[in-house]
Amino acid sequence: MSTGLKLPALMLIAMVTISGAVHAAKDRGGETLSAEQAAASVQRQTGGRVLGAEPVQTESGPAYHVKILTKSGQVRIIEIDARTGAVRQ
């Protein structure tokens, strides 16, 4: 597999596994999403290119700040609840 195809292939694998993980997050007894799962969720929801994901602790609990490059060329940071996978505003 060429270097240019590795990230999209990994993202596809993560996207396939994320669907069940996000819905089961509330029933996991305190477990949280991985950075890869959070990044895949944001990529799927926005269609943007994921530039990175950083774990953070917020007043609302554990989260990830996922940096994306949108289709329009803007860089955005999306906050994802690490327990539920929900986008926080």
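## Briefing: two helices, a four-stranded sheet and its salt bridges

A search of the whole structure finds 2 salt bridges, and both of the pairs described below involve Arg 88. The model is a predicted one, and its protein chain holds 2 helices and 4 strands, arranged along the sequence in the pattern α-α-β-β-β-β. The 4 strands form an open antiparallel sheet, and helix α2 lies across β1, β2, β3 and β4.

**The chain as a whole**

- The protein chain has 89 residues, of which 33% count as buried.
- About 5,700 Å² of the protein chain is exposed, and carbon and sulfur atoms supply 55% of that area.
- When contacts between residues at least 6 apart in sequence are considered, 38% of them join residues that lie at least 24 apart.

**The salt bridges around Arg 88**

- In one salt bridge the side chain of Glu 79 meets that of Arg 88, with a nitrogen-to-oxygen distance of 3.4 Å.
- In another, the side chain of Asp 81 meets that of Arg 88, and here the distance from N to O is 3.0 Å.
- Taken together, Glu 79, Asp 81 and Arg 88 are linked in a network of salt bridges.
- Side chains of opposite charge can pair in this way when their charged atoms come close.
- Which members of this network are buried, and which is partly exposed? Arg 88 is buried, because its relative accessible area is 15%, and Asp 81 also counts as buried, with a relative accessibility of 11%, whereas Glu 79 is partly exposed at 21%.

**The sheet**

- The strands of the open sheet follow the order β1-β2-β3-β4, and the pairing is antiparallel.
- The edge strands are β1 and β4, the latter covering residues 87-88, and each of these two pairs on one side only.
- Strand β1 (residues 49-58) and strand β2 (residues 61-69) run antiparallel and are joined by 9 bridges.
- A hairpin connects β1 to β2 through 2 residues, and within this pair of strands Arg 49 stands opposite Leu 69 of β2.
- On the other side of the pairing order, β2 is joined to strand β3 (residues 75-81) by 7 bridges, and these two strands also run antiparallel.
- Asp 81, a member of the salt-bridge network, stands in β3 opposite Ala 63.

**Helix α2 across the sheet**

- Helix α2 covers residues 35-46 and runs at about 50° to β2, while lying across β1, β2, β3 and β4.
- With its 12 residues, α2 reaches 16 Å from its first C-alpha to its last, which is close to the 16 Å expected at 1.5 Å a residue.
- Buried residues in α2 include Gln 37, Ala 38, Ala 39, Ala 40, Ser 41 and Val 42.
- The helix is followed by Gly 47, whose phi is positive, near 75°.

**Two residues of strand β2**

- In a regular strand the side chains alternate between the two faces of the sheet.
- Tyr 64 has its place in strand β2, and Tyr 64 counts as buried because its relative accessible area is 10%, under the 20% limit used for that term.
- Leaving aside residues up to four places away in sequence, Tyr 64 touches Leu 33, Ser 34, Ala 35, Ala 38, Glu 54, Pro 55, Val 56, Ile 78, Glu 79, Ile 80 and Ala 82; among them, Ala 38 is one of the buried residues of α2, and Glu 79 belongs to the salt-bridge network.
- The C-alpha atoms of Tyr 64 and Arg 88 are separated by 9.9 Å, although these residues are 24 apart along the chain.
- Lys 67 is also placed in strand β2, but Lys 67 counts as partly exposed, with a relative accessibility of 39%.
- What does Lys 67 touch, not counting residues up to four places away in sequence? The contacts of Lys 67 are with Arg 49, Val 50, Leu 51, Gly 52, Val 75, Arg 76 and Ile 77.
- One of these contacts, Gly 52, lies 15 residues from Lys 67 along the chain, and the C-alpha atoms of the two are separated by 5.3 Å.

Notes:
Residues numbered from 1 in each chain as written. Predicted model: local features only at pLDDT ≥ 70, side-chain atom pairs only at ≥ 80, totals over all residues. Heavy atoms only, no water. Buried < 20%, exposed > 50% of the residue type's maximum accessible area, 1.4 Å probe, protein only. Contact = heavy atoms within 4.5 Å. Areas by Shrake-Rupley, 256 points an atom, 1.4 Å probe, with all protein chains shown as cover. Pairing = 2+ DSSP bridges. Salt bridge = Lys/Arg side-chain N within 4 Å of Asp/Glu carboxyl O. Axes fitted to C-alpha atoms, helices over the stretch in contact; angles between N-to-C directions. Expected span 1.5 Å × (residues − 1).
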